[in-house]
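Hi there,

Thanks for offering to look at this one with me. Here it is, and my notes follow below.

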Amino acid sequence: MFEVLSNETLAPNLHRMTVRAPRIASARQAGQFVIVRSEKGEERIPLTIGDADVEAGTITLFIQALGAGTQKIVSRQPGEFLRDVAGPLGMPTDIEKWGKVACIGGGVGTAVLFPMAKALADLGNEVTTIIGGRSKPYIILADELAEFSSHVQITTDDGSFGQQGFVTTALQALIDDPERRPEAVFAVGPVPMMRAISELTRPYGIKTLVSLNPIMIDGTGMCGGCRVQIGDEVKFACVDGPEFDAHQVDFNSLMDRLTTYREQEQHCRLDDQL
Ligand code: NAD
Ligand code: FES
């Protein structure tokens, strides 16, 4: 059992939760995740480890509460417990000294980006961060990312905060500026965003890494639920990823697999409301 120490709402449907998990806190590396179950028999939810405090023995999780399983997790209040927190799982982010890097977070993907950006900055990279959201309340972690980014650029779809437009508009401007063009791009967010970034950087030959979020079940490479097509190989995001070379990812098949259970998920939500 894992004690919840804090639970706050960061943006609509997005919670930041601190959980006591000392062994995971000391073993985890940037880019890794845990699989969480609120109670026995409940859905297993993969969640990126957003941050960890080794001395306090805690990890920070960011949870977008849209489905039945995630809503049960965020219903836990400080002092209450989560049944399972298994991890750390997945491969750590490939952190190298690239020089100038662009870290791009779309909506809730910004939470997954946070530990990657921090690890890149810690290694001495010059990090430009671009955060996109549909409107001002959906822009998260701007102050936290500003602590180690050389520049934070914000975009909103409706122009209610920062520059109006998608993150790709801001990335194009960065690439067009010879003084600021990144050597590598790290992007996390909705699949259409990651696909658009991949297409944007491809003609420039800029190394681009994306963090994929296919459906996961066991998280240990056994069930095949998280398979993704990378170039001419099938990979399992839970053990081979979740980060992959964007220019090799088959985003169409990822999108198809992500929508496979949409109807069942909708039924679960309705059942829970009855
Ligand atoms: P959203 O749809 O509000 O989009 C966030 C931002 O992404 C937009 O403001 C825009 O700047 C950019 N964007 C979206 N579509 C784009 C496009 N076609 N071209 C260029 N830029 C685009 O995001 P949200 O609702 O916060 O995200 C929800 C989705 O993100 C869910 O599908 C969820 O599964 C996924 N997600 C992915 C990860 C991951 O690890 N990749 C993590 C968490 C959530
Ligand atoms: Fe089962 Fe990856 S979640 S193989």
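**Around the ligand**

A backbone N or O atom of V108 sits 3.0 Å from an oxygen atom of ligand 1. Please keep in mind throughout that this is a predicted model. Two other residues make polar contacts of this kind with the ligand. With V167, a polar backbone atom is again involved, 3.1 Å from an oxygen atom of ligand 1. With N213, a polar side-chain atom lies 2.8 Å from an oxygen atom of ligand 1. How much of ligand 1 does the protein bury? On its own the ligand exposes 870 Å², and the protein buries 77% of that.

If you zoom out a little, you will find 20 residues surrounding ligand 1. The closest are V108, R134, D157, S211 and N213, so you have already met V108 and N213 above. By class, this shell is made up of ten nonpolar, eight polar and two charged residues.

Which elements each supply at least two residues of the shell? They are β9 (126–133), α5 (167–176) and α6 (191–201). Helix α6 gives the largest share, with four residues.

**From the ligand to a helix pair**

Helix α6 is also worth following away from the ligand. The axes of α6 and α8 (residues 251–258) come within 10 Å and cross at roughly 180°. An angle over 145 degrees counts as roughly antiparallel, and the two helices are therefore roughly antiparallel to each other. On the α6 side, the contact is made by V191, P192, M194, R195 and S198. Helix α8 contributes F251, N252, L254, M255 and L258. Sorted by class, the residues of this contact are seven nonpolar, two polar and one charged.

**Backbone details to look at**

Where are the cis peptide bonds I would like you to see? One runs from G87 to P88, with omega near 5°, and P88 belongs to strand β7 (residues 84–89). Another joins G241 and P242, where omega is about 15°. P242 is placed in the loop between α7 (237–240) and β16 (243–245).

One more backbone angle may catch your eye. N13 has a phi near 65°, which is a positive value in a residue other than glycine. You will find N13 in the loop between β1 (2–11) and β2 (14–20).

Happy browsing, and do write back with any questions.

Best wishes

Terms used
Residues numbered from 1 in each chain as written. Chains lettered and ligands numbered in written order. Predicted model: local features only at pLDDT ≥ 70, side-chain atom pairs only at ≥ 80, totals over all residues. Heavy atoms only, no water. Near = heavy atom within 4 Å. Polar contact = N/O pair within 3.5 Å; in protein donor to acceptor, adjacent residues only side chain to side chain. Areas by Shrake-Rupley, 256 points an atom, 1.4 Å probe, with all protein chains shown as cover. Nonpolar A, V, L, I, M, F, W, Y, C, P; charged D, E, K, R; others polar. Axes fitted to C-alpha atoms, helices over the stretch in contact; angles between N-to-C directions. Parallel < 35°, antiparallel > 145°, perpendicular 65-115°, else oblique. Contact = heavy atoms within 4.5 Å.
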